[in-house]
Amino acid sequence: TKRAGMDNIQFLELNPMSRDLRDYTNSGSPLIEPFDLIFIFDVVHDAADPLGFLKTVKTGIKEDGVILCMDIQCFEDPHQNPPLFYALSMMYCMSSSIGEGGCGLGTCGLTQNVMEKLCKEAGYSSVKKVEANTAPNALYEVRP
């Protein structure tokens with residue numbers, strides 16, 4: 001990004017043990033300012049602790065910031081979900097979460113209702129599903 005003249009973009013490797021997104025080294029104090037925009041791609045349904053994950057992300061966003069979260073689009077009615085999603089879930093998504101002692105949402109566990117509930121419990125003010133051509137994913141606009 002620096003070679004392209006974009007000096008206002010940062011890529012950080014975060015410490016997964018930190019509960020404050022701005023404290024990416026887990027030093028105990030924030031090292032960077034909150035972000036205007038955070039992208040989350042295909043993570044929430046895999047997380048061992050999706051609520052804890054969303055709470056941690058909230059620590060890193062400005063009060064007027066936006067989080068764009070793209071995750072698997074699944075439906076409340078299990079028959080509407082492609083059978084392949086269940087196979088992928090069993091082989092990776094659920095097992096990686098459960099293997100870390102997590103809840104095991106898996107590929108078909110993060111429905112729109114579940115996403116809205118998790119975000120509300122994490123303290124976000126709004127969650128809106130954005131109409132976009134992102135199949136097989138859903139795109140959510142989340143605000144602190």
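Let's start with Phe 39, which counts as partly exposed at 47% relative accessibility. Its neighbour in this story is Phe 41, and that one is exposed, with a relative accessible area of 52%. Keep in mind that what we have on screen is a predicted model. A search of the whole structure turns up 1 aromatic pair. Here it is: the rings of Phe 39 and Phe 41 have their centres 5.7 Å apart and their planes at 10°, so the pair is stacked. In general, a pair of aromatic rings is described by the distance of the centres and the angle of the planes.

Now let's look at the strands. Strand β1 covers residues 35-41 and strand β2 covers residues 61-72, and the two pair in the parallel sense over 6 bridges. If you want one place to look, find Leu 37: its bridge partner in β2 is Val 66.

And what do β1, helix α1 and β2 make together? They make a right-handed β-α-β unit, with α1 at residues 50-58. Quite a few residues of that helix are tucked away: Pro 50, Leu 51, Gly 52, Leu 54, Thr 56 and Val 57 are buried. What covers the buried residues of α1? The cover includes β1, β2 and also α3.

On the way from β1 to α1 there is a small curiosity. Asp 42 sits in the loop between β1 and α1. The phi of Asp 42 is near 55°, a positive value in a residue other than glycine. Why mention that? Because most residues other than glycine have a negative phi. As for its surroundings, Asp 42 counts as partly exposed, at 37% relative accessibility.

Back to the strands, since β2 has another partner. β2 and β4 pair in the antiparallel sense, over 6 bridges. Here you can look for Leu 68, which stands opposite Glu 141 in β4. β4 also pairs with β3: the two run antiparallel and 5 bridges join them. In that pairing, Val 127 stands opposite Val 142 in β4.

So how much of β4 is buried? The strand is mostly covered, with 6 of its 7 residues buried.

β3 and β4 are also linked along the chain. A hairpin joins β3 to β4 through 6 residues. The loop between β3, residues 126-130, and β4, residues 137-143, is the place of Pro 136. Have a look at the bond just before that proline: a cis peptide bond joins Ala 135 and Pro 136, with omega about 10°. For context, most peptide bonds are trans.

Let's finish with charges. Side chains of opposite charge can pair when their charged atoms come close. How many salt bridges does the structure hold? There are 3 salt bridges, and I'd like to visit each of them.

We'll begin with Lys 62 and Asp 36, whose closest N and O atoms are 3.0 Å apart. Lys 62 lies in strand β2 and Asp 36 in strand β1, so this pair ties together parts that are 26 residues apart in sequence. Lys 62 is partly exposed, with a relative accessible area of 31%, while Asp 36 is exposed at 52%.

Next, please turn to helix α3, residues 112-121, where both Glu 121 and Lys 117 lie. These residues are 4 apart, about one turn of the helix. They form a salt bridge, with the closest N and O atoms 3.6 Å apart. Glu 121 counts as partly exposed at 44% relative accessibility, and Lys 117 is exposed at 54%.

That leaves Arg 143 and Glu 141, a salt bridge whose closest N and O atoms are 3.1 Å apart. Arg 143 is partly exposed, with a relative accessible area of 30%. And Glu 141: is this residue buried or exposed? At 18% relative accessibility, Glu 141 counts as buried. You have met Glu 141 already, by the way, as the residue that Leu 68 stands opposite in β4.

Technical notes. Residues are numbered from 1 along each chain as its sequence is written. This is a predicted model: local features need pLDDT of at least 70, side-chain atom pairs count only at pLDDT 80 or more; totals for chains, interfaces and linings use all residues. Side-chain values use heavy atoms; hydrogens and water are left out. Two strands pair if DSSP finds at least two bridges between them. A crossover is right-handed if, with the strands pointing away from the viewer, the path from the first strand over the helix to the second runs clockwise. A salt bridge is a side-chain nitrogen of Lys or Arg within 4 Å of a carboxyl oxygen of Asp or Glu. Buried means under 20% relative accessible area, exposed over 50%, partly exposed in between (1.4 Å probe, protein chains only). Contact means heavy atoms within 4.5 Å. Rings of Phe, Tyr and Trp (its six-membered ring) pair if their centres lie within 6.5 Å; planes under 30 degrees apart count as stacked, over 60 as edge-to-face and the rest as tilted.
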